[in-house]
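The exercises below ask you to work through one molecular model, each with a task and a solution that goes step by step. Please keep the structure open while you read.

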Amino acid sequence: MASGRSTLAESLRELYQFSVVDYCMFGAMLILSAACGIYFGFFKRNKGGDSETPESSSSDDESAHRTVTVASGSKRTKTTFGSSTMDEYLLGSRKLKAFPVAMSLVAGYISGVTILGTPAEIYNFGTQYWLIVIPILLMGVAVCTVYLPVFCSLKLNSSYEYLELRFSSSVRSIASVMFVIDELLFLPMIIYVPALAFNQVTGFNLYVIGAIVCVVCIFYTLLGGIKAVVFTDAWQVVVMFISVVVVVIIGTIAIGGPDVIWDRSVEGGRIDFFNFNPSMYERQTFWAVLIGGFFYWTSFNSVNQTMVQRYMSLPNLKKAKLSIAMFTVGMGVFVSVCCYAGLLLYGKYFECDPTTVGLVTTDDQLFPHYVMESVGKLKGIPGLFIAGVFGAALSSLSVVLNSTSAVLLEDILKGLFRVNPSPFVANVFVRGSVVVLGLAAMGCLFIIEKLGGILSVATSLSAIAAGTTCGIFTLGMLVPWSNTKGALFGGVSGALLSGWVSLGSQFAGAAGEIVPHKLPVSIDGCIEDLVTNVTMVNPVYPDESGVFPLYRLSYHWITPIGVTTVLIVGTIVSFLTGPRDLRHIDPELISPVIHRFLPQESFGNFGTASKNCGAAAPVIFCEEMQPHTNIASSSGTPYGTAVERNGQVTKSR
């Protein structure tokens, strides 16, 4: 009878296959993505002799351009490397707009992990994870007040350049290498998620689908650079949002309304927002989601190159803050929709769990299966949904390819190996890196097939690098007396401890020593052919008391462990090895929230560490730091105050 049940499952899948309209919508998404690369690669490039716009001539954009005098005595703007430069390719000449960048931030962060993993998380473990919206909002405040002003003031090409200015080249190299390794591990997961969804609804081979995603993404990222990435992300995020919202609305109406979904979720024990259990071993608790979620989201969005590179593509701090505000609100809304989709899944399958009866093989196939079963007969809707999932993957993949190639150029080639390539060589190196990284991601797909639970796996892998690097940046920006030895010892300690916890828990889970305690499901409402020879029994979970305690921790605690370890070890080592003399530190390297605690003498060093401020740096404060530098100088004039000298308004020293 087991074979009969398998045959029935296959027959049900055949009822919900892609129509011609669905394939057309999916194909249109791929074609439009490739077209963006062609447009920005060939028809929308900056020309060296273009006249300067008011926006690009502002003081906030001076680092992206230099003014040269021609024979006639007129002035024109020339980009750093000429036409189609690395400045344009990687940073969009720092002239992008706030809204497209905000949408790109949303699209880059939402990969298929969010669209498929979040509903499955709610379905299996309840609504406690929904409170992640609060840490998302707090993250936006932290990024705008603590980290962003420093990056906008320095105007760096890579966020990891800060670590060399603040500490040393060795700290920068360690952080950048960790970033590259982390992205290499995450790249195949980005591809695997949409391939899994497409396989669920079409039966296409995972590797063929993955290859298509990679080729299209490599193509438009290679040609158009960050402009193609940002503007492709902007319309892809619209497709993502519409696809999920349409499925949720149609599903809610079909099931009888939100009241039915809520009542069934309450009956099934899915509604739980205030689980105050202090145990750090439980997967989802109030404290784990709020504390761990804040550390994770802040770590990723504050200093990670994939995010900072797009912050730096904006002309000034004001627009960067506006972009982050829109990104924060957008993420909160999108995550909430995905969480509601999880309740919708349970409302649909509260009496017939698809996993138990073999209709799906992994939790991450739940949402695609629901789409095909519930709205599969509506031509175009499944295609729209899969296009949204693929759009999420393409946007995340393109961002990773673009930012990782920037790190390989700025931090590895130039920073670590001290090679200063010509513009042509740099161009070839960056674009070649995009191709190699994309192909490497394709080759690693088989690894992801062995892993289950995409959301926790993705969080665990990223937490190692994100927590450690964020800890080092936080040590530099918020602990002004920290030194290079403190950063090195703190960074190594944070990476080892968080890596030990993360990888140890993964190995323990793979060995069956730790099994997530899912909420109960039912098959009482399934048709008879599906439940033949299927007996529902209460799951027997292994005794975890013998497992090493750190391996049992919820994945939410991995990032806080990494960040706090770096801060504690880094601060202690800095004190033991001789704390930095605050009188000689450059305040531009310290977060503005700490400026009030710096000695008065330090503000005479403003800008001395920055390579972009030039000879005028010690006397002219960057706009991003002005509101925080009103400390009286020896002449009685506050540092950073505008004064008139020889008919020109400058900033007092």
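Helices, here H or I runs of at least four residues, and strands, E runs of at least two, are taken from DSSP and numbered from the N terminus. The model is predicted, so that local features need pLDDT of at least 70 and side-chain atom pairs count only at pLDDT 80 or more, while totals for chains, interfaces and linings use all residues. Residues are numbered from 1 along each chain as its sequence is written, and side-chain values use heavy atoms, with hydrogens and water left out.

**Exercise 1. Compare the span of helix α21 with the expected value, and describe what follows the helix.**

Step 1: The expected span is 1.5 Å times one less than the number of residues.
Step 2: Helix α21 (residues 558–576) has 19 residues and should therefore span 27 Å, which agrees with the 27 Å between its end C-alpha atoms.
Step 3: Just after α21, glycine 578 takes a positive phi of about 105°.
Step 4: With buried meaning under 20% relative accessible area, exposed over 50% and partly exposed in between (1.4 Å probe, protein chains only), the buried residues of α21 include Ile558, Pro560, Gly570 and Ser574.

**Exercise 2. Trace the salt-bridge network that contains Glu164, and state where its members lie.**

Step 1: A salt bridge requires a side-chain nitrogen of Lys or Arg within 4 Å of a carboxyl oxygen of Asp or Glu, and the structure holds 7 of them.
Step 2: Glutamate 164 pairs with arginine 172, their closest N and O atoms being 2.5 Å apart; glutamate 164 is partly exposed at 23% relative accessible area, whereas arginine 172 is buried at 7%.
Step 3: Arginine 418 also meets glutamate 164 in a salt bridge, at 2.9 Å from N to O. Because arginine 418 lies in the loop between α15 (381–416) and α16 (423–443) and glutamate 164 in helix α7, this pair ties together parts that are 254 residues apart in sequence.
Step 4: Arginine 172 forms a further salt bridge with aspartate 411, with the closest N and O atoms 2.7 Å apart, and this pair links helix α8 to helix α15 across 239 residues.
Step 5: Aspartate 411 counts as buried, at 0% relative accessibility.
Step 6: Through shared partners, Glu164, Arg172, Asp411 and Arg418 are joined into one network.

**Exercise 3. Classify the ring pair of tryptophan 130 and phenylalanine 273, then that of tyrosine 160 and phenylalanine 179.**

Step 1: Rings of Phe, Tyr and Trp (its six-membered ring) pair if their centres lie within 6.5 Å, and planes under 30 degrees apart count as stacked, over 60 as edge-to-face and the rest as tilted. By this rule the count comes to 23 aromatic pairs.
Step 2: For tryptophan 130 and phenylalanine 273 the ring centres are 6.2 Å apart and the planes stand at 50°, so the pair is tilted.
Step 3: Tryptophan 130 lies in the loop between α5 (112–125) and α6 (133–154), and phenylalanine 273 in the loop between α10 (258–267) and α11 (286–303), so the pair ties together parts 143 residues apart in sequence.
Step 4: Tyrosine 160 and phenylalanine 179 also form a tilted pair, with 5.6 Å centre to centre and 45° between the planes, and both residues are buried.
Step 5: Ring pairs link Phe151, Tyr160, Tyr162, Phe179 and Phe473 into a cluster.
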